[in-house]
Amino acid sequence: KMNKTKRYNTLIILTSIAIPVVVAILFRVRIPNVEPLDQLPPIYATINAFTAVLLVVALVAIKKGQRILHERIMKVNILLSLAFLVMYIAYHMTSDPTPYGGADGMRVLYLVILISHIVLSIILIPLVLLAYAKASLSDFIGHKKIARFAFPIWLYVTVTGVVVYLMISPYYG
């Protein structure tokens, strides 16, 4: 078990570093002669909303002792988050950044929400992976300790992802 834990921890560290670095690099890449994938932002905002709802459903399931249902929903949430990430990268590789066009006070609010969303989404990666690893190793006490931090952060990230989309969507070109 210790060997598996060590392998998981190494993978978690590497993945937690690689994802933000790769996203930051790809965020600057534009694929030439490709139509912008303008249909993606409402799709990935919807994925965020759906993930937020499923996070709450998964919490209710585990509180009711429905471990298998909880596990299945959380796997779906991880897959939805990966789908979001792929679409987010694809959109930004085919589209120029959209500046926020609202009033100055709203711009400050938008930036506070956006920056906290981005920072917490980066912090969330190792938390989700560690919680998943603990559960897969049947370390449910360790899983619960991590999930207590991961859940509210994940919920905040998904909800603010929708809020950011709603705030920026009027300014898409």
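**Notebook: a helical chain, starting from H92**

I looked up H92 first and found a relative accessibility of 12%, so H92 counts as buried (buried means under 20% relative accessible area, exposed over 50% and partly exposed in between, with a 1.4 Å probe and protein chains only). A note on the ground rules: this is a predicted model, in which local features need pLDDT of at least 70 and side-chain atom pairs count only at pLDDT 80 or more, while totals for chains, interfaces and linings use all residues. Residues are numbered from 1 along each chain as its sequence is written, and side-chain values use heavy atoms, with hydrogens and water left out.

**Entry: around H92**

I placed H92 in helix α3, residues 67-94 (helices are DSSP runs of H or I with at least four residues, strands are runs of E with at least two, and both are numbered from the N terminus). Which residues does H92 touch, not counting those up to four places away in sequence? I found F27, V29, R30 and Y44 (contact means heavy atoms within 4.5 Å).

**Entry: the whole chain**

I then stepped back to the protein chain and found five helices and zero strands. Read from the N terminus on, the elements run α-α-α-α-α. The C-alpha trace spans about 50 × 30 × 25 Å along its principal axes. Of the 173 residues in the chain, 33% are buried. I also checked contacts between residues at least 6 apart in sequence: 83% of them join residues at least 24 apart.

**Entry: helix α1**

Helix α1 covers residues 2-27, and I compared its length with expectation: at 1.5 Å a residue, its 26 residues should span 38 Å, and its end C-alpha atoms are 37 Å apart, which agrees (the expected span is 1.5 Å times one less than the number of residues). Which residues of α1 are buried? I noted T5, I12, S16 and V23. The buried residues of α1 pack against α3 and α4, the latter being 104-136. A reminder to myself: an α-helix has 3.6 residues a turn, so residues three or four places apart point the same way.

**Entry: α1 with α3**

Two packed helices are described by the angle between their axes and the distance between the axes. For α1 and α3 I found an angle of about 25°, with the axes 9 Å apart (axes are lines fitted to C-alpha atoms, for helices over the stretch in contact, and angles run from 0 to 180 degrees between N-to-C directions). That makes α1 roughly parallel to α3 (angles under 35 degrees count as roughly parallel, over 145 as roughly antiparallel, 65 to 115 as roughly perpendicular and the rest as oblique). On the α1 side I19, V23, L26 and F27 make the contact, and on the α3 side L85, Y88, I89, H92 and M93 do. By class I noted eight nonpolar residues, one polar and no charged (Ala, Val, Leu, Ile, Met, Phe, Trp, Tyr, Cys and Pro count as nonpolar, Asp, Glu, Lys and Arg as charged, and the others, Gly among them, as polar). H92, my starting point, belongs to this contact.

**Entry: α2 and its partners**

Helix α2 runs over residues 40-63, and its axis comes within 9 Å of that of α3, crossing at roughly 165°. The two are therefore roughly antiparallel to each other. α2 passes α3 in a left-handed crossing (left-handed if the near helix is turned anticlockwise from the far one by less than a right angle, right-handed if clockwise). How do the residues of the α2 contact with α3 divide? I found 24 nonpolar, six polar and one charged.

I looked next at α2 with helix α5, residues 140-168: their axes come within 8 Å and cross at roughly 150°. These two are therefore roughly antiparallel as well, and their crossing is left-handed. On the α2 side the contact includes P41, P42 and L59, and on the α5 side it includes F151, W154 and Y165. This contact has 14 nonpolar, four polar and no charged residues.

**Entry: the loops**

Most residues other than glycine have a negative phi, and most peptide bonds are trans. I noted N33, which is not a glycine but has a positive phi of about 55°. N33 lies in the loop between α1 and α2. Is N33 buried or exposed? Its relative accessibility is 83%, so I count N33 as exposed.

S138 also has a positive phi, near 60°, in a residue other than glycine. I found S138 in the loop between α4 and α5, where L137 lies too. L137 is buried, with a relative accessible area of 15%. Last, I checked L137 against T158: the two are 21 residues apart in sequence and 27 Å apart in space, C-alpha to C-alpha.
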